[in-house]
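Here are my notes on the model you sent over. Have it open beside you as you go through the points.

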Amino acid sequence: MGEKKVSTSRDSPVQGAVSALESHAGFWLRFVSNHVSARFEASLAAEDISLSEWVALRSLFDTGASDPAALMRELGMTKGAVSKIITRLEYKGLLLREISAIDKRATQILLTMAGKNLVPGLAALADDNDALFFGHLSDKQRSELIALMKHIVDMHDLRAVPVK
């Protein structure tokens with residue numbers, strides 16, 4: 001009995017068509033996302049803020065006092081990642097940790113006045129970045145694009161807030 005040869009891609013041509021990289025919606029989504037995110041991250045870096053710090057600041061701006069576990073759930077991050085963000089923001093004087101008045105074992109986190117004052121300027125950077133990349137779209141096109149992205153989020157039950 002002879003040995004059976006295992007076929008490799010070098011032995012025979014690929015059967016069927018291979019889709020082009022540019023034919024995938026995911027390729028274009030990532031392409032645009034990388035450029036939008038890179039520019040925004042550079043804008044934030046000029047203010048000595050990381051993307052994950054921005055997301056935490058923006059979240060706390062709306063909620064006021066929170067606890068680390070709630071922030072962890074809202075951002076979809078691990079306890080360790082949230083702890084590092086809280087520590088960095090506290091070091092920068094943008095966030096305070098306080099013992100809860102209700103439960104002395106619990107810690108509350110809240111923005112300092114400097115943190116509260118910083119958020120509107122950072123939000124303006126986000127608005128400017130959005131305008132640069134999406135400002136040429138009509139209101140209808142922009143709404144449709146956002147609706148499509150939200151639909152994908154819902155369909156796949158995506159919950160973690162993007163911070164990378």
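1. In this predicted model, helix 4 has four residues worth picking out in your viewer: V82, I85, I86 and L89 are its buried residues. They sit on the same side of helix 4, because the arc they cover around the axis is only 100°.

2. What do these side-on residues pack against? The buried residues of helix 4 meet two helices, helix 2 (51-63) and helix 3 (68-75). They also pack against two strands, strand 1 (95-99) and strand 2 (107-111).

3. Now turn helix 4 around. On the face turned away from its buried side you will find K84 and Y91, both exposed.

4. As for its geometry, helix 4 runs over residues 79-91, 13 residues in total. From first C-alpha to last it reaches 18 Å, which is close to the 18 Å expected at 1.5 Å a residue. Just after helix 4 comes G93, with a positive phi of about 75°.

5. Helix 4 also takes part in a pocket. The second largest pocket, with a volume of about 160 Å³, draws the largest share of its lining from helix 4, namely four residues. Helix 3 is the other element that supplies at least two residues there.

6. Which residues line that second largest pocket? They are P68, A69, M72, K79, V82, S83, I86, R97 and T107. By type, the lining splits into five nonpolar, two polar and two charged residues. Notice that V82 and I86 appear in this lining and also among the buried residues of helix 4.

7. The largest pocket deserves its own look, at a volume of about 1,600 Å³. Its lining is made up of 30 residues, and those nearest the centre are S33, V36, S37, M149 and P162. Helix 1 (25-45), helix 2, helix 5 (113-134) and helix 6 (139-155) are the elements that each give two or more residues to this lining.

8. Which element gives the most to the largest pocket? Helix 1 does, with 10 residues of the lining. If you are thinking about chemical character, the lining of the largest pocket holds 19 nonpolar residues, alongside four polar and seven charged ones.

9. One link between the points above: helix 2 is packed against by the buried residues of helix 4, and helix 2 also gives two or more residues to the lining of the largest pocket.

Technical notes. Residues numbered from 1 in each chain as written. Predicted model: local features only at pLDDT ≥ 70, side-chain atom pairs only at ≥ 80, totals over all residues. Heavy atoms only, no water. Expected span 1.5 Å × (residues − 1). Buried < 20%, exposed > 50% of the residue type's maximum accessible area, 1.4 Å probe, protein only. Arc of directions from axis to C-beta. Contact = heavy atoms within 4.5 Å. 1 Å grid on protein atoms, 1.4 Å probe; cavity = no way out; pocket = protein on both sides within 12 Å on 5 of 7 lines; lining within 4 Å. Points joined across faces, edges and corners; volume = space filled by probe spheres on them. Nonpolar A, V, L, I, M, F, W, Y, C, P; charged D, E, K, R; others polar.
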